[in-house]
Amino acid sequence: MSFDAHPRSSLIVALDFDSLSSALKFAKRVADLVGMFKIGSQLFAAAGPQAVREIAALGPGIFLDLKFHDIPNTVAGAILSCVAMPGVQLVNVHALGGGAMLHAAAQAISAAQAMGADRPRLLAVTILTSMDQKAIREVGIGGASKNRVVKLAQLAKKAGVDGVVASVQEARAIRKACGREFLIVTPGVRLKEKPAAKDDDQARTATPTEAIRAGADFLVVGRPILTAPDPRAAAQAIVDEIAAAK
Ligand code: C5P
């Protein structure tokens, strides 16, 4: 994985579609403009490993965003199956699964070590970017969310995880606590010209410029590109913004 090459390598487009045919049709339109495609639970539930194979064949790497959260043995097995699929560069689990689960997932990844520098990287989701302070408190997580996220990132790092998925608002503090090599992937990206609407499910949002300046290695972007009148122009505008912010 080359992180600092072309600015487009920092752009991960979320293929949140309900069928492989619509995901493929869209992915083909923007494949030359993106660093990776993200296949999440919606597309994977509909089309499974076939989606990974066919999207990977378009060229960009795959972030298989299945956010596992289960007992360590089950998660380790799931991660092994993920990294056996072609083109998978990033996989993830929930940090809230705990240290033993994170460690089991990291061990499973190192079983793919034969792939050397190209082995897939493991990320831990800290606290979903859709959760605001009230929602975070409702599930029993107290204190400032930034501190909780940093603690979860440190727990993940200690367990051998390569990086985290977190909001831009926490990125600087994570970078400071976990160092330069630790990967930071930020969803919840919204454009300055088109900020999050009232009914947007993302709560902790930021612009591409803010994400890069805060130290994000990768930006995950879904709807700002998927629902744009001209998705290619939207993707290109985000790549240009990344380039300018670097
Ligand atoms: O459409 P939007 O840009 O909000 O898409 C963000 C993508 O990132 C979605 O596919 C969502 O599943 C994913 N994601 C997220 N928050 C996380 C982890 C992943 O929004 N913590």
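This tour starts with the whole chain and ends at the ligand.

**Whole chain.** You are looking at a predicted model. Show the cartoon first. The chain carries 10 helices and 8 strands. Its radius of gyration is 17 Å, close to the 18 Å that the globule rule gives for 246 residues, so the chain is as compact as a globular protein of that length. Along the principal axes, the C-alpha atoms fill a box of roughly 45 × 40 × 30 Å.

**The pocket.** Now select the ligand and centre on it. The ligand sits in the largest pocket. Colour three elements next: strand 3 (61-68), strand 8 (218-221) and helix 9 (223-226). Each of these gives two or more residues to the shell around the ligand.

**The shell.** Select every residue within 4 Å of the ligand. You should get 17 residues. Those that come nearest are D16, K38, R190, Q202 and R223. Colour the shell by class: 8 residues are nonpolar, 3 are polar and 6 are charged.

**The contacts.** Show sticks for three residues in turn.

- K38: a polar side-chain atom lies 2.7 Å from an oxygen atom of the ligand.
- T129: an N or O atom in the side chain is 3.0 Å from a nitrogen atom of the ligand.
- R223: here the backbone takes part, with a polar atom 2.7 Å from an oxygen atom of the ligand.

**Last stop.** Switch on the surface. How much of the ligand does the protein bury? Taken alone, the ligand exposes 470 Å², and the protein buries 89% of that.

Definitions and conventions: Residues are numbered from 1 along each chain as its sequence is written. This is a predicted model: local features need pLDDT of at least 70, side-chain atom pairs count only at pLDDT 80 or more; totals for chains, interfaces and linings use all residues. Side-chain values use heavy atoms; hydrogens and water are left out. A polar contact is a pair of N or O atoms within 3.5 Å; within protein, one must be able to donate a hydrogen and the other to accept it, and residues adjacent in sequence count only if both atoms are side-chain atoms. Accessible areas come from the Shrake-Rupley method with a 1.4 Å probe; for residues, only the protein chains shown count as cover. On a 1 Å grid over the protein atoms alone, a cavity is a set of points where a 1.4 Å probe fits but cannot get out, and a pocket is an open set with protein on both sides within 12 Å along at least five of seven lines; lining residues have an atom within 4 Å of a point. A molecule sits in a cavity or pocket if more than half of its atoms lie within 2 Å of its grid points. Helices (H or I, at least four residues) and strands (E, at least two) are DSSP runs, numbered from the N terminus. Ala, Val, Leu, Ile, Met, Phe, Trp, Tyr, Cys and Pro count as nonpolar, Asp, Glu, Lys and Arg as charged, and the others, Gly among them, as polar. The radius of gyration is taken over C-alpha atoms; the globule rule is 2.2 Å times the number of residues to the power 0.38.
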